[in-house]
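Here is a walk through one model, from the overall picture down to a few single residues. Keep the structure open and follow along.

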Amino acid sequence: MLGRLNHVALAVPDLGAASEHYREMLGASVSEAQALPEHGVRVVFVELGNTKIELLEPLGEASPIAAFLAKNPKGGMHHVCYEVADIRAARDRLVESGARILGDGEPKIGAHGRPVLFIHPGDLFGTLTELEEV
Ligand SMILES: CC[C@@H](C(=O)O)C(=O)SCCNC(=O)CCNC(=O)[C@H](O)C(C)(C)COP(=O)(O)OP(=O)(O)OC[C@H]1O[C@@H](n2cnc3c(N)ncnc32)[C@H](O)[C@@H]1OP(=O)(O)O
Ligand SMILES: [Co+2]
């Protein structure tokens, strides 16, 4: 069921400053910022060739990353995202195993225009996990 590592996401307090650090200090290829109001975040992707780093900044008052940043004001590793071929089949298998799917359980369209959903960190060793259908 589990495919490639699509991205590792870092929550950051200032997306512009984080993008600049990755571009200038690390010499990385960094995308333009994209606002995703339906996810409550602004996002930038750092392209690594074999995978991506997703830099996330809260957008709006109900951002799902706000509490995480309040606990980790300098930022920190927020989630990992694995690719799957059939996201609903993957979800159903996880639910059968007792895992909690966040939100209403239905995939949303993510930053790459593909369906995504999230599994509660308490059900995967303290790691918030995103699945993306590719
Ligand atoms: C850019 C679009 C898309 C993409 O295409 O890639 C994205 O990646 S969007 C990214 C942002 N969206 C989401 O994260 C959606 C799913 N997340 C959530 O629904 C919430 O963040 C959450 C996981 C339910 C947590 O919400 P929060 O408000 O922080 O609730 P709690 O404070 O009650 O936390 C509950 C529990 O979980 C622990 N926690 C919270 N965040 C993380 C985390 N990132 N990694 C590991 N653990 C986390 C938190 O510490 C609490 O633990 P306990 O205290 O032990 O209960
Ligand atoms: Co993500």
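## Ground rules and overall picture

A quick word on terms: helices and strands here are DSSP runs, with at least four residues for a helix and at least two for a strand, numbered from the N terminus. With that in hand, take the span 4-134, where helix makes up 21% and strand 36%. The C-alpha atoms at the two ends of that span sit 10 Å apart. These residues are also where UniProt, in an unreviewed entry, places the feature "domain: VOC".

Keep in mind that this is a predicted model. The predictor sounds confident about it: pLDDT averages 98 over the chain, and 100% of the residues score at least 70. For the complex, the ipTM is 0.97 and the pTM is 0.98.

## Strand E5 and its partners

Let's start with E5 (52-58). Is this strand buried or exposed? Six of its seven residues are buried, so E5 is largely enclosed by the rest of the structure.

Two pairings involve E5. Strand E1 (residues 5-11) runs parallel to E5, with five bridges between them. Within that pairing, Val-8 has Ile-53 as its bridge partner, and Leu-10 stands opposite Leu-55. E4 (41-47) runs antiparallel to E5, and seven bridges hold that pair together. Leu-55 turns up here as well, as the bridge partner of Val-44.

E4 and E5 also form a hairpin, with four residues between the two strands. In the turn, Gly-49 has a positive phi of about 95°.

## E1 and strand E6

E1 pairs with E6 too. The two strands run antiparallel and are joined by six bridges. Here Val-8 stands opposite Val-80, while in E5 the bridge partner of Val-8 is Ile-53.

## Around the ligand

Which residues come nearest to ligand 1? There are 24 residues around the ligand, and the nearest are Pro-64, Ala-67, Gly-110, Ala-111 and Pro-121. Several elements give two or more residues to this shell: strands E4, E5, E6 (76-84) and E8, plus helix H2 (66-71). The biggest contributor is E6, with three residues.

What about the chemistry of the shell? It breaks down into 16 nonpolar, six polar and two charged residues.

## A positive phi at Phe-125

Now for a backbone detail. Most residues other than glycine have a negative phi. Phe-125 goes the other way, with a positive phi near 60°. You'll find Phe-125 in the loop between strand E8 (115-119) and strand E9 (129-133).

Is Phe-125 buried or exposed? Phe-125 counts as exposed because 7 other C-beta atoms lie within 10 Å, and the cut-off for exposed is 12 or fewer.

## Lys-108 and Glu-106

Lys-108 belongs to strand E7 (residues 108-109). With 13 other C-beta atoms within 10 Å, Lys-108 is partly exposed. Setting aside neighbours within four places in sequence, Lys-108 is in contact with Glu-38 and Val-116. Its C-alpha atom is 9.7 Å from that of Phe-118, ten residues apart along the chain.

Glu-106 is in the loop between helix H3 (87-96) and E7. Glu-106 counts as exposed, since it has 11 C-beta neighbours inside 10 Å. Look for Arg-88 too: 18 residues separate Glu-106 and Arg-88 along the chain, yet their C-alpha atoms are 8.2 Å apart.

## Ser-29

Last stop is Ser-29, in strand E2 (residues 29-30). Why does Ser-29 count as exposed? There are 12 other C-beta atoms within 10 Å of its own, and exposed means 12 or fewer.

Leaving aside neighbours within four places in sequence, Ser-29 has Val-46 and Glu-47 as contacts. Met-1 is another matter: Ser-29 and Met-1 are 28 residues apart in sequence and 30 Å apart in space, C-alpha to C-alpha.

Notes
Residues numbered from 1 in each chain as written. Chains lettered and ligands numbered in written order. Predicted model: local features only at pLDDT ≥ 70, side-chain atom pairs only at ≥ 80, totals over all residues. Buried ≥ 20, exposed ≤ 12 C-beta atoms within 10 Å, placed from the backbone. Near = placed C-beta within 6 Å. Nonpolar A, V, L, I, M, F, W, Y, C, P; charged D, E, K, R; others polar. UniProt positions renumbered as here; feature names shortened; annotations may be inferred. Pairing = 2+ DSSP bridges. Contact = placed C-beta atoms within 7 Å. pLDDT = per-residue confidence, 0-100.
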